[in-house]
Amino acid sequence: MHISIRRAIRTAGTVVTATVALLGAAATAAPGASAAVGDPYTCDTLAIASTASHSQSMDVQAWIPYSNTLGSQCTLRMNDQGGGVRALQRSLRYCYQQNIAVDGSFGPATFTALKNAQAKIGGLAVDGVYGYYTGRAIKFPYFTPTGAFYMCR
């Protein structure tokens, strides 16, 4: 019994050390920053499916930026790249009528388009950064299975 208590304490210590190391890495890695494929601290996209309002069988789908790190907020800003940026650009293009390319690169055009959308939504900081409050307020476009634009919500 005495040996199993020591083993349990040693195992708990290893788990705590690994957790602290992971949390330290999460704190130093900027969410939304360009990183290697598979980096868990970047924004990616999450597909949301819904049934079209006029149909009981046709599913429509939207892609939204999300962070796949537990407890981490997806933040997108100038110079970020990837799937999360593409999802944001689709929203700006289809739901906020911003004439921008959907190329996955957060450049000056995306920055200006996001500021325009933030001003249009109202009640948000018009700072050109996709963060917590903008993510809750912004609408995302839904597409049919054939890829046709369906609606924003």
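# A walk through the chain, starting at Ala49

A good place to begin is Ala49, a residue of strand β1. Please keep in mind along the way that this is a predicted model. Is Ala49 buried or exposed? With a relative accessible area of 56%, Ala49 is exposed, because the cut-off for that class is over 50%. Follow the chain ten residues on from Ala49 and you reach Asp59; the C-alpha atoms of this pair are separated by 6.3 Å. Once neighbours up to four places away in sequence are set aside, Ala49 is in contact with Val60 and Gln61.

Now move to Ser50. Ser50 also has its place in strand β1, which covers residues 43-51. Ala49 is exposed, whereas Ser50 is buried, with a relative accessible area of 18%. The reason for that label is simple: buried means under 20% relative accessible area. What does Ser50 touch, not counting residues up to four places away in sequence? The list is Met58, Asp59, Val60, Tyr142 and Arg153. Val60 thus turns up in the contacts of Ala49 and in those of Ser50. Ser50 can also be paired with Ala62, twelve residues away in sequence, with a C-alpha to C-alpha distance of 8.4 Å.

With two residues in hand, let us step back to the whole chain. The protein chain has four helices and four strands. Read from start to end, these elements follow the pattern α-β-β-α-α-α-β-β. Of the 153 residues, 32% are buried. About 9,100 Å² of the chain is exposed, and carbon and sulfur atoms supply 58% of that area. How do distant parts of the sequence come together? Take the contacts between residues at least 6 apart in sequence: 44% of them join residues at least 24 apart.

Strand β2 is our next stop, and the residue to find there is Pro65. Pro65 is buried, at a relative accessible area of 6%. Leaving out its neighbours within four places in sequence, Pro65 is in contact with Asp44, Cys74, Leu76, Gly84, Ala87, Leu88, Tyr130 and Phe140. A further pairing takes us forward along the chain: Pro65 and Gly83 are 18 residues apart in sequence, yet their C-alpha atoms are 7.4 Å apart in space.

Between β2, which spans 59-67, and helix α2 there is a loop, and Asn79 sits in it. Asn79 is not a glycine, but its phi is positive, at about 80 degrees. Asn79 counts as exposed, with 59% relative accessibility. A second residue of this kind is Gln97, which also is not a glycine and has a positive phi, near 50 degrees. You will find Gln97 in the loop between α2 and α3, and its relative accessible area of 54% makes it exposed.

That loop brings us to the two helices it lies between. Two packed helices are described by the angle between their axes and the distance between the axes. Which values apply to α2 and α3? Helix α2 takes in residues 83-94 and helix α3 residues 108-121; they pack at an angle of about 55 degrees, and their axes are 10 Å apart. α2 and α3 are therefore oblique to each other, and their crossing is left-handed.

Which residues meet where these helices pack? From α2 come Leu88, Gln89 and Leu92, and from α3 come Thr110, Ala113, Leu114 and Ala117. Sorted by class, the contact of α2 with α3 has five nonpolar residues, two polar ones and no charged ones. Leu88 may look familiar, since Leu88 is also among the contacts of Pro65.

Our last stop is Asp127, in the loop between α3 and α4, where α4 covers 132-137. Asp127 has 36% relative accessibility and so counts as partly exposed, the class that lies between the 20% and 50% cut-offs. Aside from its neighbours within four places in sequence, Asp127 is in contact with Phe111, Lys115 and Gln118. Phe111 is 16 residues from Asp127 in sequence, and the C-alpha to C-alpha distance of this pair is 8.5 Å.

Definitions and conventions. Residues numbered from 1 in each chain as written. Predicted model: local features only at pLDDT ≥ 70, side-chain atom pairs only at ≥ 80, totals over all residues. Heavy atoms only, no water. Axes fitted to C-alpha atoms, helices over the stretch in contact; angles between N-to-C directions. Helix = DSSP H or I, 4+ residues; strand = E, 2+ residues; numbered from the N terminus. Parallel < 35°, antiparallel > 145°, perpendicular 65-115°, else oblique. Left-handed = near helix turned anticlockwise from the far one by under 90°. Contact = heavy atoms within 4.5 Å. Nonpolar A, V, L, I, M, F, W, Y, C, P; charged D, E, K, R; others polar. Buried < 20%, exposed > 50% of the residue type's maximum accessible area, 1.4 Å probe, protein only. Areas by Shrake-Rupley, 256 points an atom, 1.4 Å probe, with all protein chains shown as cover.
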